[in-house]
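Q: Hey, could you walk me through where the ligand sits in this one? I'd like to talk about the pockets too.

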Amino acid sequence: MEAQKTFYRDTWAEIDLDSISKNVTAVKGRLPQDVNLIAVVKANAYGHGDVQVAKAALEAGADFLAVAFLDEAIALRNKGITVPILVLGASRPEDVQTAAELNITLTIFQKEWLERAKNYLPDDAKLKLHVKVDSGMGRIGVRNSEELTIIEKMIEEDHRLIFEGIFTHFATADELDTTYFQKQLAFFKEMLSTLSKKPKYIHSSNSAATIRFKEAYFNTCRLGIAMYGLTPSPEMEREIPFPLFEAFSLKTRLVNVKKLHKGDKVSYGATYESEGEEWIGTLPIGYADGWIRKLSGQEVLVNGERAPIVGRICMDQCMIKLPAFYPVGTEVTLIGRQNEQFISVNEIAKKLETINYEIPCIITSRVPRVYKKDEKIMDIKNDLLHP
Ligand SMILES: Cc1ncc(COP(=O)(O)O)c(C=O)c1O
């Protein structure tokens, strides 16, 4: 595989950009024409790769991007992304000049922050702001209309500040019981009604709400997890009226294959013992890659068949019990499809007793990302050799 030229260990994550495009196109196609779509590419696009996902999402119809903090937005600007970028989390008041210079939109939710930020903005600066309302998530956001009114006035009175948007975030949009979601929506609407002038962008919906609740569109939706082809929660699996395509897969190759005899042991602690003659393969992936020790016992795919990880997972390697002899170099899929078999991100999340969001995020940057489009490799990112 061409990837050998840019990385030297046979372990890689494959990102299918066609899946990103298909997911964005499907969601965008369901939204009314006047509703904007923000592609959420924080955390290196949920571990998939910020700039590659951003470009695929924008090409498929996303209107702008959102990240968690200013460094992530600057990273995208450094990689040539010129479309609007919203920083969803808190930024320092001292950094507003940088944001303004790079045309990065910041989130604001405290009047004290505004007062301090004004000291760091040159007279000719233009800083776009979205006000965050805490309607029940309890994380960041303005919690009452009095403070919202003060913030609106402060922005209005300063020619350097642009009140571009207002938004909130739902805590339970992915749950079947919609009571708390409705409460948050009602609170947000109440807050909106106190504004003297509505800003250009009003948004509240994450993937779950974008898929389920037209009444929460306002004029913009923020799409994260569904763009990556993952369901916002197991409960929602049956509620999604169109197919989602998983973009992330994880692959490696056998680097050693040996026959064990009854009583032979495998890995630290010698916890696995061969019951008879067994073919054991070694994979060059371990917990330092995010393939954590709790995944011992998890199955992987070899030649379209499931094979369990045996013994403890080491920092850089782990062992599998092969269904038969396979030669060194045989491709092994840890997440993704091989013939008729599929190991989904959800399967790994279930094994780790966590949510699917966490899985691609925890596969570390030590694992190169190989980008595919039309079945062909179109880019490779190896942070070790090219940070
Ligand atoms: C403020 C905000 N908006 C949107 C999203 C995207 O959510 P999802 O990935 O569920 O679509 C997130 C993700 O955590 C978020 O924090």
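A: Sure, here is a quick chat about the ligand and the pockets, and keep in mind that this is a predicted model.

Q: OK, which residues are around the ligand?

A: Going along the sequence, you have V40, K42, Y46, L88, R139 and H169, then N206, S207, R222, G224, I225 and Y357.

Q: And how does that shell split by class?

A: Five of the residues are nonpolar, four are polar and three are charged.

Q: What lies 2.6 Å from an oxygen atom of the ligand?

A: That's a polar side-chain atom of Y46. R139 also has a polar side-chain atom facing a ligand oxygen, at 3.0 Å. With I225 it's the backbone: an N or O atom there lies 2.8 Å from an oxygen atom of the ligand.

Q: How much of the ligand does the protein bury?

A: The protein buries 92% of the 390 Å² that the ligand exposes when taken alone.

Q: Which pocket does the ligand sit in?

A: The second largest one. That pocket holds about 580 Å³ of space.

Q: Which residues are closest to the centre of that pocket?

A: K42, Y46, R139, H169 and Y357, out of 28 that line it. Those five names also turn up among the residues around the ligand.

Q: Which elements give two or more residues to that lining?

A: Helix 2 (42-46), helix 9 (207-212) and helix 11 (358-362). Helix 2 gives the most, with three residues.

Q: What about the classes in the lining there?

A: You get 16 nonpolar residues, with six polar and six charged.

Q: Switching topic, how much space lies in the largest pocket?

A: About 680 Å³. Its lining has 25 residues, and D16, S19, F245, E246 and R337 lie nearest the centre.

Q: Which elements give two or more residues to the lining of that largest pocket?

A: Strand 1 (11-16), helix 1 (17-30), strand 10 (248-253) and strand 18 (331-338).

Q: And how do the residues of that lining divide by class?

A: For the largest pocket it's nine nonpolar, six polar and ten charged.

Note on methods
Residues are numbered from 1 along each chain as its sequence is written. This is a predicted model: local features need pLDDT of at least 70, side-chain atom pairs count only at pLDDT 80 or more; totals for chains, interfaces and linings use all residues. Side-chain values use heavy atoms; hydrogens and water are left out. A residue is near a molecule or strand if one of its heavy atoms lies within 4 Å of it. A polar contact is a pair of N or O atoms within 3.5 Å; within protein, one must be able to donate a hydrogen and the other to accept it, and residues adjacent in sequence count only if both atoms are side-chain atoms. Accessible areas come from the Shrake-Rupley method with a 1.4 Å probe; for residues, only the protein chains shown count as cover. On a 1 Å grid over the protein atoms alone, a cavity is a set of points where a 1.4 Å probe fits but cannot get out, and a pocket is an open set with protein on both sides within 12 Å along at least five of seven lines; lining residues have an atom within 4 Å of a point. A molecule sits in a cavity or pocket if more than half of its atoms lie within 2 Å of its grid points. Ala, Val, Leu, Ile, Met, Phe, Trp, Tyr, Cys and Pro count as nonpolar, Asp, Glu, Lys and Arg as charged, and the others, Gly among them, as polar. Grid points are joined across faces, edges and corners, and a volume is the space filled by probe spheres set on the points. Helices (H or I, at least four residues) and strands (E, at least two) are DSSP runs, numbered from the N terminus.
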